[in-house]
Every structure is written in C-alpha cells, then in structure tokens.
Amino acid sequence: MVRISLDVDGDHVSDEVEPRMLLVQYLREKLGKTGTVVGCDTSNCGACTVHLDGRSVKSCNVLAVQADGHEVTTIEGLADGDELHPVQEAFRECHGLQCGFCTPGMIMQAIDVLNEHPQPTEEEVRLGLEGNLCRCTGYHNIVKSVLYAAEHSGSTAGAGGAQ
C-alpha cells in the first residue's frame with residue numbers, strides 16, 4: 001500500500017492505495033465520485049476524463065499514485081451549488097447530453113478545449129474532442145454545445161468556471 005494525498009473537487013484527501021490502482025477506480029470506489037464513468041477501460045473512449053492540475057486526462061490511464069500531490073477535478077466538482085458550470089449549462093441548452101454516458105468526459109474535455117481555444121472554430125472543437133467517443137447518434141449537438149459555451153459565457157476557462 002502507498003499513501004497518497006491530493007485535492008479532489010476542492011477537498012483534501014489522504015489515503016492508502018494499491019500501487020496499481022487506477023485513478024478512475026480511486027475516484028469511483030474510494031471517494032464515490034461515480035460521475036467519472038468507466039467506459040472502455042483502455043483509454044479509447046474518454047468517458048473517464050477528469051482534470052489533473054487543470055488539464056484533461058483519461059483517468060483509466062493514470063495511476064492513483066501519479067495523482068499524489070496534485071489537484072483533481074471531476075464532473076462533480078464543476079457546478080457551484082445549484083449553478084451549473086457554463087459548459088454544463090451549454091450541454092443542457094443545446095441537447096448535448098444524449099444518453100449521458102459520455103457526457104461527463106465530454107464536458108471535462110470540452111473545458112480543456114475551451115481553455116486552449118476560448119473562441120474555437122467548429123474544426124478546433126471536433127479535433128479537441130476526437131479522443132472522446134459518443135456511441136449515440138453523433139457529435140452535432142455536442143459540438144454545438146461547446147460552441148454555444150464559447151459564445152455565451154465569455155470565459156469558460158478553468159474547472160470552476162469562475163475565472
């Protein structure tokens with residue numbers, strides 16, 4: 001067992017974990033952060049995307065011990081009480097949710113795309129989301145949601161959305 005200490009959604013946690021435990025397992029099984037979804041378990045689908053020090057990572061591809069000393073933000077850490085993060089609001093407004101399985105990872109990746117391209121083109125959004133898979137009907141409303149967030153929130157940068 002290895003002791004790790006990290007900040008998750010603004011809370012400091014310290015725990016003993018198996019050295020081979022994945023970050024997604026730690027978040028879901030030890031902390032109850034079930035909004036982080038296990039999709040493919042091979043880092044292909046992006047359903048498990050979270051932010052590690054403000055950058056998106058696929059948490060099924062990161063060991064919990066690698067997050068030691070770092071800040072992790074999950075989908076549960078985005079909203080401010082009852083107020084949704086601007087990207088969450090955009091997904092709701094533009095029907096980007098679809099079945100919802102991929103949505104947490106898509107939103108986390110979308111925030112990262114918007115941090116890099118505050119006023120993205122449709123092509124930049126599509127390229128930025130290409131590591132996240134939606135198995136429903138396609139990406140039209142997801143892309144529309146990201147463009148809506150860029151247009152309507154001014155600055156969607158940062159996991160907390162309040163920058």
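**Exercise 1.** Which residue forms a salt bridge with Arg 126, and how far apart are the closest N and O atoms?

*Solution.* Before we start, a word on the model: it is predicted, so local features need pLDDT of at least 70 and side-chain atom pairs count only at pLDDT 80 or more, while totals for chains, interfaces and linings use all residues. Residues are numbered from 1 along each chain as its sequence is written, and side-chain values use heavy atoms, with hydrogens and water left out.

Step 1: recall the rule. A salt bridge is a side-chain nitrogen of Lys or Arg within 4 Å of a carboxyl oxygen of Asp or Glu.

Step 2: apply the rule. The partner of Arg 126 is Glu 122, with the closest N and O atoms 3.0 Å apart.

Step 3: place the pair. Arg 126 and Glu 122 are four residues apart in helix H4 (residues 122–128), so about one helical turn separates them. Helices (H or I, at least four residues) and strands (E, at least two) are DSSP runs, numbered from the N terminus.

Step 4: check the accessibility. Buried means under 20% relative accessible area, exposed over 50%, and partly exposed in between (1.4 Å probe, protein chains only). Arg 126 counts as partly exposed because its relative accessibility is 37%, and Glu 122, with 43%, is partly exposed as well.

**Exercise 2.** Find how many salt bridges the rule gives, and work through the pairs made by Lys 33 and Lys 30.

*Solution.* Step 1: the count comes to seven salt bridges.

Step 2: Lys 33 meets Asp 9 through their side chains, at 2.9 Å from N to O. This pair links distant parts of the chain, 24 residues apart: Lys 33 is in the loop between helix H1 (23–30) and strand E3 (49–52), and Asp 9 is in the loop between strand E1 (2–8) and strand E2 (11–17). Both residues, Lys 33 and Asp 9, are buried.

Step 3: Lys 30 pairs with Asp 15, their closest N and O atoms being 3.7 Å apart. Because Lys 30 lies in helix H1 and Asp 15 in strand E2, this salt bridge ties together parts that are 15 residues apart in sequence. Lys 30 is partly exposed, at 39% relative accessibility.

Step 4: look for a network too. Salt bridges link Arg 55, Asp 112 and Glu 116 in one.

**Exercise 3.** Describe the largest nonpolar core and the helices that build it.

*Solution.* Step 1: define the object. A nonpolar core is a set of buried Ala, Val, Leu, Ile, Met, Phe, Trp, Tyr and Cys residues joined through side-chain atoms within 4.5 Å.

Step 2: list the best-connected members. The largest core has 21 residues, and Val 87, Phe 91, Met 106, Ile 107, Leu 129, Ile 142 and Val 146 touch the most other members.

Step 3: assign the elements. Helix H2 (86–93), helix H3 (103–116) and helix H5 (140–152) each give two or more residues to this core, and H3 provides the largest share, seven residues.

Step 4: zoom in on Leu 129. Contact means heavy atoms within 4.5 Å. Not counting residues up to four places away in sequence, Leu 129 touches Met 106, Gln 109, Ala 110, Val 113, Ile 142 and Val 146.

Step 5: note that another core, of 15 residues, lies apart from this one; its members include Tyr 26, Leu 27, Ala 67 and Val 72.

**Exercise 4.** Work out how H3 packs against H5.

*Solution.* Step 1: take the geometry. The angle is about 45° and the axes are 11 Å apart. Axes are lines fitted to C-alpha atoms, for helices over the stretch in contact, and angles run from 0 to 180 degrees between N-to-C directions.

Step 2: classify the angle. Angles under 35 degrees count as roughly parallel, over 145 as roughly antiparallel, 65 to 115 as roughly perpendicular and the rest as oblique. H3 and H5 are therefore oblique to each other.

Step 3: name the residues that meet. Met 106, Ala 110 and Leu 114 in H3 face Ile 142, Val 146, Ala 149 and Ala 150 in H5.

**Exercise 5.** Which sign does phi have in Asp 9 and in Asp 41, positive or negative?

*Solution.* Step 1: most residues other than glycine have a negative phi.

Step 2: Asp 9 has a positive phi, near 50°, and is buried, with a relative accessible area of 18%.

Step 3: Asp 41 also has a positive phi, about 65°. Asp 41 sits in the loop between H1 and E3 and is partly exposed, at 48%.
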